[in-house]
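The report that follows treats one protein chain, moving from totals for the chain to a few individual sites. Please keep the coordinates open while reading.

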Amino acid sequence: MEFCFGDAGVRVGLEIHQQLDTGRKLFCSCSGTAPPGKMQQFTRKLRPVKSEMGRYDPAAIFEGNRDMEILYHADANNSCLVECDEEPPHAVDTNSKEISLVVSAALKSTIYEEVYTMRKTVIDGSNTSGFQRTMLVSRGGALNVGDMSVGVQSICLEEDSARVLGERDGIKEYNLDRLGIPLIEIALEPISGTPRQVRVAAEGLGRLLRGIKMVARGIGTIRQDVNISVKDGMGVVEIKGLQQLDQLEHVVEYEARRQAGLVHIAKMLGERDIKRITDNDIFDITSIAKKYQSKIIQKAIKQGHTISCIRIRNFAGILGYEPYEEIRLGREIGQLVKYYGVGGIFHTDELPNYGITGEDVKLLYKHMDMTTQDAFIMVAAPAKKMAHVLDFISDRIHTATKGVPSETRLAVPHGKTVFLRPRPGSSRMYPETDIPPIIISQDDIIKAEKNIPEPWERILSDTASKYQINIQLAEQLLDSDYMDVFTDIIKDTGVSPVFVASTLCSTITELSREGLNPKLLNNNIILETFKLLHSGTISKESILIIFRDIMAGNSTDVHTAIQNTDTSSLSDTEINNTLQRIIDENSSLIQNQRERAIRPLMGMAMSKLRGKASGQKINSTLVKMLNDIIHDI
């Protein structure tokens with residue numbers, strides 16, 4: 001089938017998380033951005049507990065079943081006993097509170113007279129305490145972007161999570177430098193529009209935030225969560241991990257197509273007699289699987305894993321069915337089990353394959369009393385995890401008959417999403433007992449209203465006028481992560497603002513599209529590079545070469561990159577000598593083509609001198625030398 005976005009009834013709710021640059025964390029005086037100090041490590045094991053309503057949060061149960069050990073890395077310069085959950089939180093940062101009020105006032109959101117801190121259960125390890133502290137500051141209001149007006153659901157002030165380092169062998173690692181940095185969370189009302197309209201709303205909100213002082217800038221300081229649902233879908237899916245606006249449109253498009261495909265599969269299943277899976281549908285086939293030639297199965301058995309099959313009556317053809325490109329229920333289930341450390345699944349719609357023969361499948365059908373109308377899923381997992389994995393798969397099969405499950409998914413490169421965990425429920429929030437309520441006075445609100453930033457159009461116009469750049473370039477610069485370093489470069493050097501802005505907005509973007517890492521190119525490196533350009537140590541052409549070397553991870557600083565790439569500027573004498581050698585080696589070319597020889601000669605010169613002298617200087621010197629020779633011929 002061909003997917004039509006307009007017919008899917010897509011609704012998209014945006015949640016923007018913006019770090020604040022107050023110089024300290026929300027509940028202690030650590031900065032989180034200082035150079036690393038003395039490191040320490042400690043481990044924790046987090047478990048789900050009942051809420052005050054006597055219920056467990058589904059996301060907490062899922063994480064608890066994964067049975068992960070959490071290893072934390074902390075340094076003395078960026079964390080203290082508060083982050084380690086060994087000391088009560090300190091008083092709420094005043095600057096963070098004031099910024100949250102300015103954001104609320106700018107969006108005409110109704111600010112509460114008393115703001116209470118709540119605990120939000122999170123046991124994936126991203127917070128040492130097992131919960132995140134968050135405060136509801138205001139509700140209501142609207143974001144106006146051009147002709148579009150989007151309602152505001154809520155504005156919260158909360159602490160950022162710890163920075164994940166990786167996961168291996170049942171251990172999840174985090175760094176505590178980011179834990180506790182203040183965040184503004186703005187949740188917008190659902191948008192019934194195109195992916196482009198969703199991007200425009202996110203863009204408009206980001207621009208509003210960048211106009212407010214003490215808002216952090218740079219890669220990773222602003223993140224979008226997206227809540228997406230479609231017509232006839234069972235629930236809302238939350239997408240996490242979006243940091244780029246370009247990715248946002250692709251994610252909305254893909255997720256709408258995925259959910260519409262799952263709705264179509266649910267309608268197909270509605271025409272079949274699909275019953276819930278029971279214990280009688282679960283088979284331990286480890287002894288049978290020992291005879292299989294499958295390398296994957298044999299490896300699992302050698303590791304001591306159990307091999308199980310789930311029988312699904314009247315399910316033939318469903319697991320491999322693809323209503324839209326790359327949307328398959330079998331693929332969905334394969335993603336689910338990976339979060340229990342299981343490599344994946346085999347199912348009847350893709351067998352025989354992977355070393356499992358047609359005869360093997362035939363014998364399994366007989367062993368499990370199956371007909372050609374039935375299907376099975378085969379999974380290999382450690383015995384202690386198998387029960388959880390089988391329950392999870394069984395629940396997902398049942399959910400497939402209803403439509404789209406409410407879950408949290410992760411945005412991955414190229415705009416796709418993968419399963420992360422079940423969506424949390426209302427049972428995850430309860431009052432924080434260690435922090436008194438924050439009283440918001442009328443004076444606080446008046447002060448916030450006075451600090452509302454200027455409209456975007458005025459900021460854009462003033463930037464273009466101040467730096468003598470065109471509106472398009474000013475817009476790219478303001479939307480980028482490099483506005484702060486741009487102003488530092490212009491203040492500290494005499495380099496042309498147009499060249500600086502073009503380099504920051506175009507050159508770095510182009511290198512990123514080559515797969516190079518822009519995070520390796522911090523503001524200090526960028527500023528140092530332009531200072532060397534201003535002093536004449538390097539040429540304009542050197543900057544691309546230096547940035548590429550650093551973003552590729554070959555160098556960690558500008559001077560090392562200059563040595564690695566041999567891009568230091570040459571003296572006039574060295575340039576003249578190089579050009580003279582090129583002329584001497586191509587005398588016959590000059591004799592035959594005269595003035596027209598400048599083009600091939602310039603190509604030869606640039607191949608030898610690129611990054612060591614400006615192209616303009618090379619060209620003017622070469623033209624003069626060539627004209628002198630032609631004049632004497």
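In the charge count used here, Lys and Arg are taken as positive and Asp and Glu as negative, while His and the chain ends are left out. The place of each charge is taken as NZ of Lys, CZ of Arg, CG of Asp or CD of Glu. On that basis the chain, which is a predicted model, has 75 positive and 83 negative side chains, and the centres of these two sets lie 3 Å apart.

**The chain as a whole**

The chain contains 21 helices and 22 strands, and its C-alpha atoms fill a box of roughly 100 × 70 × 55 Å along the principal axes. Of its 633 residues, 51% count as buried. About 29900 Å² of the chain is exposed, and carbon and sulfur atoms supply 48% of that area. When contacts between residues at least 6 apart in sequence are considered, 73% of them join residues at least 24 apart.

**Two buried polar residues in loops**

D160 is placed in the loop between β9 (148–159) and β10 (163–168). Because its relative accessibility is 1%, where buried means under 20%, D160 counts as buried. The side chain of D160 is joined to that of R223 by a polar contact of 2.8 Å. Beyond the neighbours within four places in sequence, the contacts of D160 are Q19, R178, L179, G180, I181, L183 and R223, so that R223 appears in this list as well as in the polar contact.

S109 lies in another loop, the one between α2 (94–106) and β4 (110–111), and S109 is likewise buried, with a relative accessible area of 7%. Its side chain makes a polar contact with the side chain of S138 at 2.8 Å, and it also reaches the backbone oxygen of R139 at 3.1 Å. Apart from neighbours within four places in sequence, S109 is in contact with S104, S138, R139, G140, G141 and I155.

The polar contacts named for these two residues are set out below.

| Side chain | Partner | Distance |
|---|---|---|
| D160 | R223, side chain | 2.8 Å |
| S109 | S138, side chain | 2.8 Å |
| S109 | R139, backbone oxygen | 3.1 Å |

**A buried residue in strand β12**

I186 is found in strand β12, which spans residues 182–188, and I186 is buried, with a relative accessible area of 0%. Its C-alpha atom is separated by 8.0 Å from that of L14, although the two residues are 172 residues apart along the chain. With neighbours within four places in sequence left aside, I186 is in contact with L14, E15, I16, V103, L107, V152, S154, I155, L205 and L209. I155 is listed among the contacts of I186, and I155 is also listed among those of S109.

**The two faces of helix α6**

Which residues of helix α6 (residues 295–302) are buried? They are I297, A300 and I301. These buried residues cover an arc of only 100° around the axis, and therefore they are on the same side of α6. The face turned away from that buried side carries the exposed residues K295, K299 and K302. On the buried side, the packing partners of α6 are α5 (286–289), β16 (306–312), β17 (345–347) and β18 (375–381). Just after the helix, G304 takes a positive phi of about 85°.

**Backbone geometry in loops**

Two residues in the loop between β16 and α7 (329–338) deserve a look at their backbone angles, namely N314 and E326. Phi of N314 is near 60°, a positive value in a residue other than glycine, and E326, which is not a glycine, has a positive phi of about 70°. N314 is partly exposed, with a relative accessible area of 26%, and E326 also counts as partly exposed at 26% relative accessibility.

A further backbone feature is the cis peptide bond that joins L351 and P352, for which omega is about 5°. P352 lies in the loop between β17 and α8 (358–367), and β17 is one of the elements against which the buried residues of α6 pack.

Terms used:
Residues are numbered from 1 along each chain as its sequence is written. This is a predicted model: local features need pLDDT of at least 70, side-chain atom pairs count only at pLDDT 80 or more; totals for chains, interfaces and linings use all residues. Side-chain values use heavy atoms; hydrogens and water are left out. Helices (H or I, at least four residues) and strands (E, at least two) are DSSP runs, numbered from the N terminus. Buried means under 20% relative accessible area, exposed over 50%, partly exposed in between (1.4 Å probe, protein chains only). Contact means heavy atoms within 4.5 Å. Accessible areas come from the Shrake-Rupley method with a 1.4 Å probe; for residues, only the protein chains shown count as cover. A polar contact is a pair of N or O atoms within 3.5 Å; within protein, one must be able to donate a hydrogen and the other to accept it, and residues adjacent in sequence count only if both atoms are side-chain atoms. The arc is that of the directions from the helix axis to the C-beta atoms.
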